[in-house]
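User: I have a model open and want to go through its sheets. Please tie each label to its criterion.

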Amino acid sequence: MPTDLQALRDLEHVGLGSPTADEAFDRFARLVRRHLKVPAAVVYFVVPQGQVLAGSSGMPEPMQSNRMLQYPGTLTNVIATRGEPVVSSDARLDPLLRDNYLVREMGLVAVAGYPVFDLRGRAVGALCAVVDEPREWSEDDRASLADLAAACTAELRLRAERERARRIQQTAVRANRRSRFLLSLSEAFANANTMDQVEEVIIEVSTAGIGARYCAFALMDADGRGITYRSLVHAEPQFPQRLRQAKLDDQRPLAEAARTGRPLFFRSGDELFSAFPDLKDLCDPDIGARAFLPVVTAGAVVAVIGLAWDRDRGPDKDSYALQTGLAHYTGHALERARLLEERRESAKTLQRAMLSRLPEVPHLDMAATYSPATRSDQIGGDWYDAVAVDDDATMFMIGDVTGHDMRAAAKMGQLRSLLRAFAWSHDESPSALLSLLDKANSGLGLLASGTAVVARLERTGGAYQLTWSTAGHPPPLVLREDGTVERLAVLPDMMLGVRPTSKRTDHVTTLHPGDTLLLYTDGLAEQRGTTPDQWLNRLQKTLGVLGDTATAALPVTLVRRLASDDQRDDVAVLAVRVRAAAPSGPPSLGRPATAERKLAPSLSDVGPARIWVDDVLESCAVPMALRRTVMLLTSEVLTNAVDHGQAPFTATVEVDMERLRVGVRDSSTAQPELRDPTVTEFGGRGVQFLERLASRWGVDRHGEPADGQHRAGRRGNRRTGKTVWFELDLR
């Protein structure tokens, strides 16, 4: 499959990147079908989503209508990947083809396929004749297919040339007006605030504005001794990866432009190779003119722009001015981008410094994250906090101060500190704490406005009572242990900073072991053009899908999935999960702690079961460092049981003062084997982990006589099976 980004774009430009029928290529497919008398024929092109059947005749539905084949490792992919004809009278007997989806699942038997090439000689598709029974392909058959495939190549190249000619004409019109180009150059760089955005503008301006076919952008290394291309995606084809970095004393045009600060222009490939003979065997000889433009700021070279054209051309006065203008504007953009990046990093450091570390609370698993907006160097007023009031009660807070600048961040820091102090020193309800905060905000002259949620989680027996109050903030969510997501939707009270004397209300619900409370700011899922209910539904759905995600990874995963790359708002997320304690209580002298859980016969239950084991061990005061090893071994025995055992499955945990034991029982009598898998094998390492990391491990058989005696009347022995267990010493 062609992975060149330019190849995929070329297909899109000529209308072959989407699954639609194409009249010309349909005609080629019909010609193959009639001339070779085969039941079906296709002309396809490879795209990231699969294979687009631009031409198709006789293919089964829905493929004939949908014009898309989306199965990895398909036969058609083999032809395009190899770039050579694939001809088989019986693909079922061919080791290369017999495991293919089309052969294995769709009954394809005989196939003859010839690749179709684009302008640069890349195999981007193929013309195929397929038969559902064995067939010997004659020389005439092969010659006909080769000719028709060549005709497909010619059609594709003709379209590409037409499209390219159209784009070059548009470029020429723009390039003839130098003043307009320079104005557009200024506008293009105006919103480029990061290195990635600067590079995107350079690529766009170089190809669409100057008319270069290829472009590459290199930055000086931090030590000033070398220069490195940021990306080779848009560089000339077959550019060697080992040439991505150059030392300043290398005999290369990139290094010379960086070393001397003078632009280099080469009218043709021969002119380049004459000046730098060592490049002759490394660069594409079919590429024409090239240019290397140094970017200078404060009297020093900071970058080099490399341009290449398909044909030979000279740097006339107008094109020289355009290219030097590009380098000039790039220098200003890079200087601004670096300054903004430094300011943004400083702002992020300040913001994170104002966010306190979450406390360690027994029976609670907590995690939080703060993600700043990516659009500028400014930061916002999003924050989170947690305060352990006593052994049974913990306060959780999250808020969003209005504004996205240093002033908002400063006010956020003051409000957060006030609320944190109130939560620690005043044994009050969440609504009372918000009232105190709002009055202090007004009385001390902070005059900050924003939203917040304060929640108190208090242990009551085997569950937790959650009391919360909201000041205009998005509602908390609760991910229940069974995977359902509950929105704690209530009528919110007045936001902070509007009317300090407004009445505030408390709301109460209950969290059980395994339930997760999620507090967040609106930047997590809010989208332009959607109602609050719509983006809250999206957030709920995503949270439900992440039910088996570890709490430590949940906030970051939510931000990654819901916040776009162009994140317009800050995001704060706080997740709190109630751990499942051992039903028997912690271990004591002479009495171990025990717990048991049944597993569903599905790998989807392995994650929740692993988390449950960690909860039980945490309630038994097992150190975190040891629990990490236990989690690795638990994952292996749980996965192996579900993969290779028989239902029902039961996980057990036992902890005493000396050691801990985890076991998984199933109804299969097959024993785990100690294997030595090769590097390329995915499995077979579970027992190796047990052998190397556990203090002891073993397998207990069930339902068989013990010591030669039948234990009649013991219900536990009526069901056959085994328990795979491991132990780790605590001392």
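**Two sheets and their helices**

Analyst: In this predicted model, β14-β15-β16-β17-β20 is the order of 5 strands in an open sheet, with antiparallel pairing. The twist averages 15 degrees from one strand to the next.

User: What makes β14 and β20 edge strands?

Analyst: Each pairs on one side only. β14 covers 381–388 and β20 covers 507–511.

User: Why are β16 and β17 called paired?

Analyst: Pairing takes at least two bridges. Strands β16 (residues 450–460) and β17 (residues 463–471) have 8 bridges, in the antiparallel sense. Therefore they count as paired. Arg-459 has Tyr-464 in β17 as its bridge partner.

User: Which strands does helix α13 touch?

Analyst: Helix α13 (residues 430–443) packs on this sheet and touches β15 (393–401), β16 and β17. Contact here means heavy atoms within 4.5 Å. The helix direction makes about 30 degrees with that of β17.

User: What is the strand order in the β13 sheet?

Analyst: The order is β13-β22-β21-β18-β19: 5 strands, an open sheet, antiparallel pairing. Its edge strands are β13 (364–371) and β19 (485–487), since each pairs on one side only.

User: How do you know that β21 and β22 pair?

Analyst: The cut-off is at least two bridges. β21 (residues 516–520) and β22 (residues 571–578) have 5, running antiparallel, so they pair. Leu-517 stands opposite Val-576 in β22.

User: Which helix packs on this sheet?

Analyst: Helix α14 (residues 532–545) does, touching β18 (477–479), β19 and β21. Its direction makes about 150 degrees with that of β19.

How values were computed: Residues are numbered from 1 along each chain as its sequence is written. This is a predicted model: local features need pLDDT of at least 70, side-chain atom pairs count only at pLDDT 80 or more; totals for chains, interfaces and linings use all residues. Side-chain values use heavy atoms; hydrogens and water are left out. Helices (H or I, at least four residues) and strands (E, at least two) are DSSP runs, numbered from the N terminus. Axes are lines fitted to C-alpha atoms, for helices over the stretch in contact, and angles run from 0 to 180 degrees between N-to-C directions.
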